[in-house]
Amino acid sequence: MASTVIAQGMTIEGELTSDEDVVIQGTLRGKLTSKDTVNVESGAVVEADISASSLSVGGQITGNVTASDRVDLMAGGRLIGDVKASRLTIADGASFKGNVDMDV
Amino acid sequence: MADVTVVGQGMFLRGSIRGEGDLEIRGRIEGDVEVAGEVTIGDGALIKADVTARRITVRGAVAGNLTGEEGVRLEDGARVVGDVRGASIGIAEGALLRGNVQTGHGAEGQKGRARTGAAAKPAVRAEPRKAPAVAVTAARGNGAPRRAAAAEPVERAGPPPPVVPALKKGARAALRKRSR
């Protein structure tokens with residue numbers, strides 16, 4: 001089980017900082033910084049800049065994302081914003097609008 | 001566990017949490033918590049926020065007012081500075097509380113901001129009093145440091161500002177008397 005969960009129906013506004021993994025099923029507005037994995041699950045709505053070690057997107061994100069390791073955009077995921085990560089996968093069926101910076 | 005929101009041990013939130021469902025807090029929160037379900041504040045949690053929920057259970061540290069529509073329980077290890085309101089309130093042995101307590105139905109209904117602020121006064125006043133007193137005696141006659149010391153507790157959102165002048169006035173009068 002993840003150490004931090006934002007469940008469906010819950011809205012967090014503000015600045016979140018975490019050393020551990022975060023799972024988002026609800027709504028987040030503001031800014032999220034995690035040293036571990038961030039999982040934006042389907043149904044989640046995120047209007048925030050996210051910085052994490054790795055990020056997987058099954059829900060909806062509006063904001064810039066930075067990952068020290070990787071970003072995975074899953075089918076059904078929707079990302080509007082720039083991505084900065086050394087690895088990025090975009091599954092068939094995902095929507096994405098933004099710039100990609102893969103440190104090349 | 002589907003709709004339990006968890007704020008993990010390594011989490012720090014500056015902002016607000018609102019919504020349906022239950023909430024478990026093990027980390028740190030500064031801001032506001034307003035939840036329809038149950039809130040559990042675990043030991044190790046550190047909260048500077050007013051918490052409003054159907055039910056609140058506290059095992060950690062809280063600076064802020066607790067309003068539990070159905071009830072509030074302060075368990076062993078709880079440290080609360082702020083007012084507690086709820087239909088039923090339980091304080092276990094080993095829990096620490098500084099603030100007003102109001103039980104019974106309707107207690108949670110009078111949740112006007114102004115009222116909350118007035119009720120919060122004693123609890124808030126108790127803490128900063130020590131610090132300014134020290135600062136004032138150390139820097140007598142110099143207004144600036146005293147102001148800085150007094151401004152410190154204001155970081156608690158909302159009600160506190162009126163508390164500070166009241167404190168300062170008294171402190172100042174006492175000081176003047178002493179210096180004469």
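This is a short tour of a predicted two-chain model, stop by stop.

**Before you start**

Residues count from 1 along each chain as its sequence is written, and chains are lettered from A in the order in which they are written. Because the model is predicted, local features need pLDDT of at least 70 and side-chain atom pairs count only at pLDDT 80 or more, while totals for chains, interfaces and linings use all residues. The model scores ipTM 0.88 and pTM 0.71.

**Stop 1: the contact between the chains**

Show both chains. The contact takes 20 residues from chain A and 20 residues from chain B. Two residues are in contact if their C-beta atoms, placed from the backbone, lie within 7 Å. On chain A, β1 (4-6) and β2 (10-18) each supply at least two residues of the side that touches chain B. β2(A) gives the most, with nine residues. Strands here are DSSP runs of E, at least two residues long; helices are runs of H or I, at least four; both are numbered from the N terminus. By type, the chain A side divides into six nonpolar, ten polar and four charged residues. Nonpolar means Ala, Val, Leu, Ile, Met, Phe, Trp, Tyr, Cys and Pro; charged means Asp, Glu, Lys and Arg; the others, Gly among them, are polar.

Now select β2(A) together with β2 (residues 11-19) of chain B. They pair in the antiparallel sense over nine bridges. Pairing requires at least two DSSP bridges between the strands. Pick Glu15(A): its bridge partner in β2(B) is Arg14(B).

**Stop 2: Ile24(A)**

Select Ile24(A), in strand β3 (residues 22-24) of chain A. Ile24(A) counts as buried because it has 31 C-beta neighbours inside 10 Å. The cut-off for buried is 20 or more other C-beta atoms within 10 Å of the residue's own; exposed is 12 or fewer, and partly exposed is in between, with C-beta atoms placed from the backbone. Leaving out residues up to four places away in sequence, Ile24(A) touches Ile6(A), Asn39(A), Val40(A), Glu41(A), Ala44(A) and Val46(A).

Next, pick Gly59(A), in the loop between β6 (45-57) and β7 (60-62) of chain A. Its C-alpha atom is 8.8 Å from that of Ile24(A), 35 residues apart along the chain. Gly59(A) is buried, because 23 other C-beta atoms lie within 10 Å. Beyond four places in sequence, its contacts include Val40(A), Glu41(A) and Gly77(A).

**Stop 3: the largest nonpolar core**

This core has 58 residues; Ile24(A), Leu55(A), Val33(B), Val39(B), Val51(B), Val62(B) and Val80(B) touch the most other members. A nonpolar core is a set of buried Ala, Val, Leu, Ile, Met, Phe, Trp, Tyr and Cys residues joined through C-beta atoms within 7 Å. Select Leu55(A). Not counting residues up to four places away in sequence, it touches Val38(A), Ile50(A), Val65(A), Ala67(A) and Val71(A).

**Stop 4: β3 of chain B**

Move to β3 (residues 22-25) of chain B. Asp22(B) and Glu24(B) point one way, Leu23(B) and Ile25(B) the other way, and all are buried. Add β1 (residues 4-7) of chain B: it runs parallel to β3(B), joined by four bridges. Thr5(B) stands opposite Leu23(B). Then add β5 (residues 38-41) of chain B, paired with β3(B) in the parallel sense over three bridges. Here Glu24(B) has Thr40(B) as its bridge partner.

**Stop 5: chain B by confidence**

Color chain B by pLDDT, the predictor's confidence in each residue, from 0 to 100. The chain averages 75, and 57% of the residues score at least 70. Select residues 111-156 of chain B last: pLDDT stays under 50 there.
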